[in-house]
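User: Could you take a close look at one part of this model for me? I'd like a connected walk through a single helix and whatever it packs against.

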Amino acid sequence: MPTRRRKNTAHPSPGRPVDAASAHPTRRKPARRTAQGVTFRRRVRLGADEGEAKTILEVMGAPAADGQAEQAEAAPVVEDAAALAAATCEASPDAQGVAEPASPTEAPRRPRVSLPSPRALRERARALLLGPALAARPRPAACAAEGFYVPAHPVASPHPSTLVEPGAPESRLHWAFVVGLAGLLCMAAVCAFTWLMPAQSADAQEYFVPGIVENVSMPQSSWSRGTVPAVYQDDERWGQAPYGVTTLGESGAAPCALCMVYVDLTGDASQTPLDFAGWAETARVASVSMDDVGALLTDGAAACGLSAQALDAEPLALRHALGNGQPVVVVTRADTFDDHLSCVVLTGINEHSRLTLVDPTSAERTAQTWSFDEVLDAATAVYAYTRA
C-alpha cells in the first residue's frame, strides 16, 4: 500500500510564516511525481543498489539525488531475483488496472505504468553506453555461442557419410557387410551352376574320354563283308536327320549299330543308318528307351534278313560268339558310354585278351581297348547276329 506523504514543514504554505531557522537550506523542493520517479523510489524501497539506480536514472535522463542514493544504501538488499519480482508485482499492480483506495474517503490512485525489468534496463543502458564501441569493433571471423561453433559465413554442410573417418568402426562394418554380401552372391552363383549342370556319376567318369579326335565315319566305298565299319551317329550325311523327337546325331546309336552289323554280315553298302532309322520311325520305336531299342535290334534285324540271339552278360558267351565270327551288339546303360541308353558293336579280342569295339558316339572310345569287366558292367542286354 502506498504511504501517505508526510507533511513537509520546510515547504512554505499560504497563510503560514516561514521560519528561516528551522528550514533546511539544503532541502530542495521535491521534483514532480512522474512515472520514472515513482519507479525509482519503489526500486529504492525494494533494495536496488546505488550504481544500478544511477545507471537507470542516467538512461532516463534524470540525475540521481544524494538523498535518494543514501536511501538506496540504507534499504535492505534483496538478492533473490524471485523475491524481487514478487515484491515488484506486489508494489506495482497491472498498468491497466487501478489500485483500490485504502478507505472510502481516500481518492483513487492514478494508473501506474509498469517499466521493463531490471535486466532489460541494464541491457538497454549497456547498449547506449557501449553501442559506438561495439559498432567500431571489427567482426570476428567466427564466435562461439552457447558452446556451439558458429561460422562467420554460412557454409554448405557436408554429407554425414563424408564425416566418417576411413578407420572408424562404422567404415569397417560397412566394408565387412559389402564383402560378406559379395561372398554370399558368389556362393549362390556356384550352387545355381552346380544344380543346373547335370552331375556325372562314377560310371560316367570311368567311361568318359575327351573328344580330341573328330568322329569321321569310314567311307561308304570301303564297306565290305567280314569287316565292321566305323559308323558314327553325328556324321554330316545323316546326323541332322530326325529320329523320334531328336536327331540321329543325338540318339541314333541303335540304327548305326544295326547298320554296321548288316554290312559285316552281308557286305551290302547300299544300306545306311538312314534306312534303319526309317524302319524305326515306321514301327514307332524311334527312341532311346530299352523296349524300343530292343525292338529295333531284334525285329528290325529280322526285317533286313538277320537273326539276333540274346546272350548272357558273361565273358565266356562273348568269347564263344566272337570266336565264331559273329558280331555282338551290347546295349549300355545311361551315363556309361553316353548320357542315355546307347549301343556299341564288339569286333574282336586282341592278343592281350581285351575287347575291341566301335562306339557310334565317340571315336576316342573306339580307338581304345576294353576289358570284359568294363564292357559287361555297363551292359543291360547283349545280342549276337547271324544271317537268317
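Analyst: Just past helix α11, Gly305 sits at a positive phi of about 90 degrees. Keep in mind that this is a predicted model.

Back up into the helix itself. α11 covers residues 290-303, and at 1.5 Å a residue its 14 residues should span 20 Å; the end C-alpha atoms lie 19 Å apart, so the two agree. There is still a bend of about 25 degrees, at Leu296. Leu296 is also buried, along with Val293, Gly294, Ala295, Leu297, Gly300 and Ala301.

Now go forward from Gly305. Strand β5 (residues 306-311) runs antiparallel to β10 (residues 379-387), with 6 bridges between them, and Leu306 faces Arg387 in that pairing. β10 also takes β6 (residues 328-332) as an antiparallel partner, over 5 bridges; here Val329 is bridged to Tyr383.

So where do helix and strands meet? Try Tyr385: its contacts include Leu297 and Ala301, as well as Ser307, Ala308 and Val329. Leu258, Val261 and Leu265 are among its other contacts.

That fits the bigger picture. The largest nonpolar core has 40 residues, and those touching the most other members are Leu297, Val329, Val331, Cys343 and Tyr385. Two or more residues come from each of α9 (253-266), α10 (273-283), α11, β6, β7 (342-349) and β10, with α9 giving the most, 10 residues. A second, separate core holds 20 residues, including Phe337, Val344, Phe372 and Ala384.

Notes: Residues are numbered from 1 along each chain as its sequence is written. This is a predicted model: local features need pLDDT of at least 70, side-chain atom pairs count only at pLDDT 80 or more; totals for chains, interfaces and linings use all residues. Side-chain values use heavy atoms; hydrogens and water are left out. Helices (H or I, at least four residues) and strands (E, at least two) are DSSP runs, numbered from the N terminus. The expected span of a helix is 1.5 Å times one less than its number of residues. The bend at a residue is the angle between axes fitted to the seven residues ending there and the seven starting there. Buried means under 20% relative accessible area, exposed over 50%, partly exposed in between (1.4 Å probe, protein chains only). Two strands pair if DSSP finds at least two bridges between them. A nonpolar core is a set of buried Ala, Val, Leu, Ile, Met, Phe, Trp, Tyr and Cys residues joined through side-chain atoms within 4.5 Å. Contact means heavy atoms within 4.5 Å. Lists of a residue's contacts leave out its neighbours within four places in sequence.
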